[in-house]
Amino acid sequence: MTFGKGCHLHLIDGSAFIFRAYHALPPLTRKSDGLPIGAVSGFCNMLFRYVSDDHGADAPTHVAVIFDKGSHTFRNDMYDLYKANRDEMPEDLRPQIPLTRDATRAFNIACEEMEGYEADDIIATLACQARDLGGRVTIVSSDKDLMQLVGDGVEMLDAMKNRRIDVEGVEEKFGVKPDRVVDVQALAGDSVDNVPGAPGIGIKTAALLINEFGSLEELLDRAEEIKQPKRRETLIEKREQIELSKKLVQLDCNTPLEFTLDDLEIKEPDPDTLLSFLTEMEFRTLTKRIADTLHVEAPVIPDTNPAGANPAEEAPDWPAIDPSAYEHVQTMEALQVWIDRITARGYVAIDTETTSLNEMQAALVGISLAVTPGEACYIPLRHTEGGSDDLFSSESRAEGQLDPETVLTALKPILEDDAILKIGQNMKYDAKIFAQNGVRIAPIDDTMLMSYALNSGIHNHGMDTLSERYLSHQPIPIKELLGTGKSAITFDKVAIDKAVGYAAEDADITLRLWHIFKPQLHTARVTTVYETLERPLVPVLAQMERHGIQVDRDTLSRMSGKFAQKMAQLEDEIHTLAGRKFNVGSPKQLGEILFDEMSLEGGKKGKTGAYATGADVLEDLATEHELPARILDWRQLSKLKSTYTDALQDHIDPDTGRVHTSYVQTGASTGRLASTDPNLQNIPVRTEEGRRIREAFVAPEGQTLLSLDYSQIELRILAHIADIKQLKQAFADGLDIHAMTASEMFDVPLDEMTPEIRRRAKAINFGVIYGISGFGLARQLRIPRGDAQDFINRYFERFPGIKTYMDDTVAFAKEHGFVQTLFGRKIHTPEISAKGPRAGFARRAAINAPIQGTAADIIRRAMIRMPAAIEGLPCKMLLQVHDELLFEVESGAADKVITAARDVMEGAAKPAVHLDVPLVVDAGQGANWAEAH
DNA sequence: GCTATCACG
DNA sequence: GACGTACGTGATAGCC
């Protein structure tokens with residue numbers, strides 16, 4: 001087939017694949033001889049995924065992987081500093097480079113490189129040729145240097161985000177059409193490639209200039225016309241450097257290639273060649289997977305090092321995951337066989353299927369079990385059939401099911417047996433379902449929590465993520481069974497034969513993950529974190545969620561009514577002020593009114609091209625005009641109504657009359673909990689109007705709500721970790737910490753302290769916890785940036801331990817790839833050595849994580865100990881809000897509970913950690929949350 | 001499904 | 001006048 005119209009060439013940027021694979025994976029080595037092969041393994045996985053992906057209308061007819069060769073190219077002859085600031089290639093990556101070529105050839109994909117040219121030039125040449133012949137081109141890369149090629153049938157594909165980049169995408173990035181991208185790059189330069197560009201000009205400014213003058217050449221010729229003196233001088237003086245920069249970024253479409261497009265036609269891989277390469281690399285999982293895909297038998301890879309288990313090694317030698325191999329249990333005899341196997345084994349992976357994600361509403365539909373990888377079963381209990389779409393047709397119980405009560409009675413002894421470990425993924429869910437069926441499941445292990453203890457900050461911990469990452473297997477998507485949107489069905493309507501494969505697969509996957517994670521907990525030294533901070537929290541949270549909190553619907557409904565009235569009034573005022581009607585809730589329309597129609601100052605467009613109309617912007621405008629102030633009022637009411645007084649009513653459970661939130665234990669990388677459906681950790685409190693929403697959270701008749709919260713816990717932890725003498729003393733003396741800071745910084749005696757000075761010190765105290773910057777503090781305090789920087793400098797002078805802590809923490813993160821809390825929780829910081837603005841984010845997150853995380857660990861310890869501490873008292877723990885615990889108690893016992901709970905909370909760090917500062921807990925009580933807080 | 005906005009600690 | 005910037009979350013509305 002000759003390349004031409006109708007053909008579609010895919011060009012894969014090989015180096016990008018390699019580096020992504022290298023950084024995404026732990027340093028795997030080949031078992032037999034220790035050869036580093038992590039990057040090759042990742043590369044093969046990515047390549048395999050890419051070729052087996054259904055690209056739909058963008059499917060390739062021709063494909064090639066393009067690599068860089070050598071480090072000296074014709075660009076170095078023009079400019080010897082080109083790419084001079086690149087880091088050396090990591091030691092363990094270098095030997096893997098030739099193997100990635102072998103891998104590409106093993107997949108029977110064309111693999112091209114050329115001495116003296118960069119991969120980008122080969123890509124450019126091929127793209128030009130293909131385009132000139134009327135074909136389409138997809139460049140698989142997100143490298144901005146390649147964006148100049150886009151257009152005329154050439155597009156890019158960011159394989160990571162699975163996003164295609166077309167002409168518009170390029171314009172978004174560079175502010176100009178692709179054919180002017182090199183002009184912009186020539187001006188802006190590139191610190192990564194060490195392209196000098198024009199000093200002081202970045203992409204934004206460059207795009208502005210190029211769009212004004214049409215081209216770089218025109219701009220340089222007419223540089224005298226530029227108004228800004230500095231910019232004008234730069235362009236005149238640095239002309240040569242800019243022209244050189246353009247040559248450096250301009251890709252060469254005339255690379256002398258020794259092959260033609262026709263050589264790149266897609267070919268099927270030869271199973272023998274491919275499998276022998278994979279076998280040689282000892283990729284057990286991938287070999288099996290690819291053998292399956294090619295419908296040939298997988299070669300056996302000898303286990304050459306059975307004793308010295310390599311924890312980072314790939315999945316062990318298990319049978320492939322095969323949903324059709326699982327057992328459908330439909331007799332008591334068959335169930336008994338499973339019960340016997342479980343009892344003999346001492347552990348079982350378990351998963352429940354239900355009618356709803358909301359555990360309070362969910363009915364148990366079936367149970368799956370696994371004891372050995374590859375062997376799992378599903379016990380359907382409440383599947384229905386018939387029914388269809390007709391409202392009146394009757395649904396009946398499906399065939400092939402055991403009686404739910406009988407099965408639960410048979411399984412209960414196992415589920416509650418202290419000697420049998422129950423393994424699940426997100427066991428809190430299953431524990432709640434079983435609790436509803438009168439079963440108290442224990443003891444447990446939870447693969448989601450293991451993953452969280454091991455890898456917080458690296459990836460999320462859902463089953464799909466874990467399965468793909470650690471088993472290279474994509475589980476059956478639930479939507480294949482249930483459908484999506486309005487037509488989605490519940491699990492009880494799924495045909496049993498389909499349900500078996502899906503449900504048992506989950507148990508199988510969970511069991512495999514458990515086998516992988518269990519030894520890793522020890523080698524990563526997070527067993528204690530998992531066993532003392534994660535696992536024991538599961539039953540505590542399950543209890544709190546099941547109990548819920550009473551919310552008064554009438555109170556909310558009355559508030560909604562009032563808010564609606566006020567909003568209508570405000571809307572009229574706003575329309576009058578604006579001179580026309582518009583949707584007040586649309587930031588886009590509002591921006592146009594404020595900045596285009598009314599021509600107010602300070603309109604700034606964001607990356608989407610819309611004006612920013614956030615509260616900070618509107619507050620600044622409010623001094624000039626009344627409209628922004630009314631908008632702010634309206635927004636506040638709208639938020640309160642839609643998110644709280646309206647939505648909360650929908651969350652009141654019809655059976656219990658209470659609101660049952662769900663805590664996500666693995667939601668926040670720092671160890672904090674997250675609360676969803678509804679989020680009860682962001683109920684308003686800062687404004688008077690908002691705070692009244694808390695009046696709807698009430699105690700039942702004869703009971704009282706108690707709120708206990710840690711006072712300044714993060715600052716106390718900072719004082720301890722950074723070892724700040726003055727702060728520790730102030731906490732020991734029970735002083736006003738912000739006033740103390742202010743006094744120390746601004747040399748004002750405590751008795752002469754003004755609220756303004758104290759306010760500034762408070763902002764700095766919080767800023768420090770967040771990894772302060774002059775810019776951030778300036779914005780917070782609305783003071784000039786220089787002044788803010790002066791404050792910070794003075795703070796560091798007075799409390800030198802803070803600076804040391806920050807520097808040490810960042811250095812630790814750079815060395816180890818994670819930071820730690822006082823209790824050993826690891827928070828990984830994969831971006832810490834990134835380039836550009838991301839580095840700043842990662843740096844601040846690394847500084848904040850040990851502080852926020854230690855506070856999170858402390859309140860978790862308190863929560864875990866709380867049930868025993870309040871046992872026998874007529875009281876329930878209801879909610880956690882990061883540094884606050886909310887209880888419901890029979891009114892007479894309130895003081896007793898406060899004493900008991902406060903003891904637990906104030907002593908929660910001990911005995912594992914002895915803090916140099918006291919932990920202090922404030923308590924309040926009342927008929928509702930507003931009063932208690 | 002993404003973005004802007006805003007609620008909390 | 002290079003860039004973008006305080007940390008961690010979740011829910012809602014508008015808009016494509």
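The following questions and answers concern a predicted model.

Q: Which helix gives the largest share of the largest nonpolar core?
A: The largest nonpolar core has 204 residues, and Ile-379, Tyr-710, Ile-858, Met-863 and Phe-887 have the most contacts inside it. The largest share of this core is 14 residues, and these come from helix α20 (residues 496-523).

Q: How many residues does the other core, the one with Ala-119 and Leu-219, have?
A: The largest nonpolar core has 204 residues. Apart from it lies another core, with Ala-119, Val-181, Ile-210 and Leu-219 among its members; its residue count is 51.

Q: Which alanine residues does Ile-858 touch, not counting residues up to four places away in sequence?
A: Ile-858 is among the residues with the most contacts inside the largest nonpolar core. Not counting residues up to four places away in sequence, its partners include Tyr-710, Ile-713, Ile-717 and Phe-823. The alanine residues on that list are Ala-908 and Ala-909.

Q: How far apart are the end C-alpha atoms of helix α26, and why does this agree with its number of residues?
A: Helix α26 (residues 626-650) has 25 residues, and at 1.5 Å a residue it should span 36 Å. The helix also bends by about 40° at Lys-641. The expected span agrees with the distance between the end C-alpha atoms because that distance is 35 Å.

Q: Is Thr-354 buried or exposed?
A: Thr-354 lies in strand β8 (residues 347-354). Not counting residues up to four places away in sequence, Thr-354 touches Ala-362, Ala-363, Leu-364, Val-365, Tyr-429, Ile-433 and Phe-491. Buried means under 20% relative accessible area. Thr-354 has 10% relative accessibility, so this residue counts as buried.

Q: Is His-295 buried or exposed?
A: His-295 lies in the loop between α13 (284-293) and β7 (327-328). Its phi is near 60°, a positive value in a residue other than glycine. A residue is exposed over 50% relative accessible area. At 73% relative accessibility, His-295 therefore counts as exposed.

Q: Which residue does a cis peptide bond join to Lys-910?
A: The loop between α36 (894-906) and β25 (921-926) holds Pro-911. Omega is about 0° for the cis peptide bond from Lys-910, and the residue joined by that bond is Pro-911.

Q: What percentage of residues 690-893 is helix?
A: UniProt, in an unreviewed entry, places the feature "domain: DNA-directed DNA polymerase family A palm" at residues 690-893. Over these residues the end C-alpha atoms are 30 Å apart. Strand makes up 14% of the chain there, and helix makes up 57%.

Terms used
Residues numbered from 1 in each chain as written. Chains lettered and ligands numbered in written order. Predicted model: local features only at pLDDT ≥ 70, side-chain atom pairs only at ≥ 80, totals over all residues. Heavy atoms only, no water. UniProt positions renumbered as here; feature names shortened; annotations may be inferred. Helix = DSSP H or I, 4+ residues; strand = E, 2+ residues; numbered from the N terminus. Core = buried A, V, L, I, M, F, W, Y, C linked by side-chain atoms within 4.5 Å. Buried < 20%, exposed > 50% of the residue type's maximum accessible area, 1.4 Å probe, protein only. Contact = heavy atoms within 4.5 Å. Expected span 1.5 Å × (residues − 1). Bend = angle between axes of the 7 residues up to and from the residue.
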